[in-house]
Amino acid sequence: MKYLTDLEIEQYCKDHSSRENSLLKKIRQDAFRFAPQADMCSDQLSGSFLRNIALLKQPKNILELGMFYGYSTFCMAEGSPNAKIPCF
């Protein structure tokens with residue numbers, strides 16, 4: 001029996017998740033270009049997950065705690081464009 005490695009599972013998820021739009025790609029690239037702690041920025045896979053959760057639930061309010069560069073906030077806003085998203 002073949003067991004999947006973490007890298008294989010991650011690659012499968014990336015291959016089967018939605019692609020990031022040009023704005024999200026620019027936000028992530030700018031974080032890595034200008035921020036010393038750029039590894040704190042959410043990645044494409046995490047952003048896709050957050051977008052899909054927001055898309056499914058369609059919340060009226062989303063509370064973003066600990067925003068770094070805003071990548072995850074924009075992902076959730078993309079999934080639920082009418083939600084109010086205060087950031088702290």
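This passage describes the nonpolar core and helix α3 of a predicted model.

The largest nonpolar core is made up of six residues, namely Leu24, Ile27, Ala31, Cys41, Tyr71 and Cys75. Two elements, α2 (22-34) and α4 (71-79), each give two or more residues to this core, and the largest share, three residues, is that of α2. Among the core residues, Tyr71 may be followed into its surroundings: leaving aside residues up to four places away in sequence, Tyr71 touches Leu24, Ile27 and Cys41, and also Glu20, Arg28, Ser42, Asp43, Gln44 and Gly47. Two of these partners, Gln44 and Gly47, are listed among the buried residues of α3.

Helix α3 spans residues 44-57, a run of 14 residues, and reaches 20 Å from its first C-alpha to its last, which is close to the 20 Å expected at 1.5 Å a residue. The buried residues of this helix are Gln44, Gly47, Ser48 and Ala54. Viewed down the axis of α3, these buried residues fall within an arc of 130 degrees, and they therefore line one face of the helix. The cover over the buried residues of α3 includes α1 (6-15), together with α2 and α4, the latter two being the elements that also give two or more residues to the largest nonpolar core. On the face of α3 turned away from its buried side, by contrast, lie the exposed residues Phe49, Leu56 and Lys57. Just after the helix, Gln58 adopts a positive phi of about 45 degrees.

How values were computed
Residues are numbered from 1 along each chain as its sequence is written. This is a predicted model: local features need pLDDT of at least 70, side-chain atom pairs count only at pLDDT 80 or more; totals for chains, interfaces and linings use all residues. Side-chain values use heavy atoms; hydrogens and water are left out. A nonpolar core is a set of buried Ala, Val, Leu, Ile, Met, Phe, Trp, Tyr and Cys residues joined through side-chain atoms within 4.5 Å. Buried means under 20% relative accessible area, exposed over 50%, partly exposed in between (1.4 Å probe, protein chains only). Helices (H or I, at least four residues) and strands (E, at least two) are DSSP runs, numbered from the N terminus. Contact means heavy atoms within 4.5 Å. The expected span of a helix is 1.5 Å times one less than its number of residues. The arc is that of the directions from the helix axis to the C-beta atoms.
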